[in-house]
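I opened a fresh page today to jot down what I looked up, one entry at a time. Come along and look with me.

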Amino acid sequence: MSADVTLEDVREDAGGEEAEEQIDLAPVRKIVDSLAETRGMLIPVLQDVQKVYGYVPEEAANMVADQMGLYRSQVYGVLTFYTQFHLTPRGRHIIRACSGTACHVRGGKIVISKLESMLGIGHGETSEDMFASFEKVACLGACGLAPVIMIDNDAHGTLDPVKTERIVVNLREMDSMERGE
Amino acid sequence: MKILTRNINRPNPAHIDSYLVNEGYVALPRALNDMTPEEVIDEVRFSRLRGRGGAGFPAGMKWDFASRDTRKPKYIICNADEGEPGTFKDRVLIEKDPHAILEGMAIAGYAVGAEKGFIYIRGEYPEGARILERAIAQAESRSFLGKNILNSGFDFSVTVHRGAGAYICGEETALIESLEGKRGQSRIRPPFPVNVGYRNHPTVVNNVETLASVAPIILRGGAWYAGIGTVECPGTKLYSVSGHVVRPGVYELPMGVTLRELIFEHAGGMRDNRAFKAAFPGGASSSCLDESELDVRLDFNALAAAGSMLGSGAVMVLDDTTDMVKATHVLIKFFEHESCGKCTPCREGLFWIRRILDSILDGKGTEADLDLLLDICDGIQSTSFCGLGEASVNPVVSTIKKFRHEYMAHIGNRVTRRTDVEAAS
């Protein structure tokens, strides 16, 4: 378990390709060190890494593998199996719309179209200004409030297009304020 | 009758002080001080409590198997990966009564001889995970969890593990794989987790609702619990009611309530006074019931006899505005996406079912497609590696059987395909 892999080593292993932007990998090392070195912690480690970067950069994934003594393929296998891991940068806000049956039969489809047209993006996409990423997801476990969406960690229920519009407009205002615009 | 939901309307229900007011953590010391592990298992066996995750396996028997295995360490896993579409009952317990779950886990640990517990909570419940972590810290500070619990010499600690988005991880062996840091793909059974589970050690995997039922059983006795509900399926059940009813929500009722009572007496009846058309009584993977089956009792045995299943008790109610083919298509898209990819029948079969449904909805289907669908369903059901594939085709088979005319409405009178399935994709 070597703790002194440098960014350069990782790059070389990856074929010597220059990453477009240099990513500070110090947090990754800290995360791996703070959690036990057993394989069982792989998913929590990757979740924490994602919390730092908003996604799991390739260099970070490689470093996790090397530090935990796993094959990179094992880490990649886990990253691509679970839908909540992302390998590309994501928007400042994550909007998840439920496409489950309970929401579908209560007008979920209209809410999804409204969101897509307001955000200008479809499932799995991120708006160019990085304002938001949009995902259609399976049941959010709030079927009593159908149709439901989740914005970041908050669920919004019993939606219709009007309510949906208001929520997105509010989110945009909040986002602008937070960014000091 | 409020057993599981006894605390949810208290102020600040998730706080330990609120739990303690209502006989919270009274069952745990009673088990530790006055009962042997065997007596605890016997009490749960007498209660005839059946697993609330879907399979309905007797909880006491599961604990008994794990307790007989002499290898250590052993583990208790609380399955909080509530992912069955239409199910939102465990979320209520997690957010409103986390200590009931923790107390049940500690009692389970004492009964089978485990010192370590995990709560595997789905990634979509970040708030639930935070609430559970707070509850664990509170319980540790009062010696209801941790080393030498209440000076009994019994150690039991609990760790929350957040899932990362995979329906299959609700299946207990896939959950264990995931907990070990791997892709969540099911293991062959037997051996069962009670003998070869987490890190190949004896492991009890119980649903949230099952564990939350434990403390009341220890407190009032197995015989009391066995007297509630039906003889074969005792106790109360949390039903998650969704869809076209006036008041969707979680209802705690004695097991064996009929579908009619649940919809019309508890959930406020059908929305906009529309007519009832169908219900999936056990989540997305159950067979649907039609109007003629409104008086079926919603318990494990009665629903099995009716050709469906109780599953997690997720009752999705549909009115006469629903297109059953479209509803089935939504369900199948879900299973196609969530198939873990390990076995061919599930991975490929669901893909083809979805393609054929696409084609039918595009107006390009034929009547022969319905036979083809049933044939594929039969293949998936009989040869899939785990329960996901096995149950995933239930909505297709049951809607073709009970609502064939709706498929025919999309198909028309066509006997030969206008364009092949390939072109429809």
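**Where to read with care**

I began at the tail of chain B: over residues 420–425 of chain B, pLDDT stays under 50, and the model has 10 contacts beyond four places in sequence for this stretch. This is a predicted model, so I kept a caution in mind: where pLDDT is low, the predicted coordinates should not be read in detail.

Next I checked the chain as a whole. Chain B averages a pLDDT of 95, and 97% of its residues score at least 70. For the complex, I noted that the predictor gives an ipTM of 0.89 and a pTM of 0.90.

**Domains of chain B**

I looked up how chain B is divided. The domain assignment lists domain 1 (16–226), domain 2 (236–319) and domain 3 (324–424). Between the centres of domain 1 of chain B and domain 2 of chain B, taken over C-alpha atoms, I found 27 Å. Their contact draws 12 residues from domain 1 of chain B and 15 residues from domain 2 of chain B. On the domain 1 side of that contact I counted 3 nonpolar, 5 polar and 4 charged residues.

**Where the chains meet**

My next question was how many residues each chain brings to the contact. I found 27 residues from chain A and 41 residues from chain B. On the chain A side, α3 (42–53), α5 (72–81) and α6 (101–104) of chain A each supply at least two residues. The residues on that side of chain A divide into 15 nonpolar, 11 polar and 1 charged.

Terms used
Residues numbered from 1 in each chain as written. Chains lettered and ligands numbered in written order. Predicted model: local features only at pLDDT ≥ 70, side-chain atom pairs only at ≥ 80, totals over all residues. Domains from an automatic or database assignment. Contact = placed C-beta atoms within 7 Å. Nonpolar A, V, L, I, M, F, W, Y, C, P; charged D, E, K, R; others polar. pLDDT = per-residue confidence, 0-100. Helix = DSSP H or I, 4+ residues; strand = E, 2+ residues; numbered from the N terminus.
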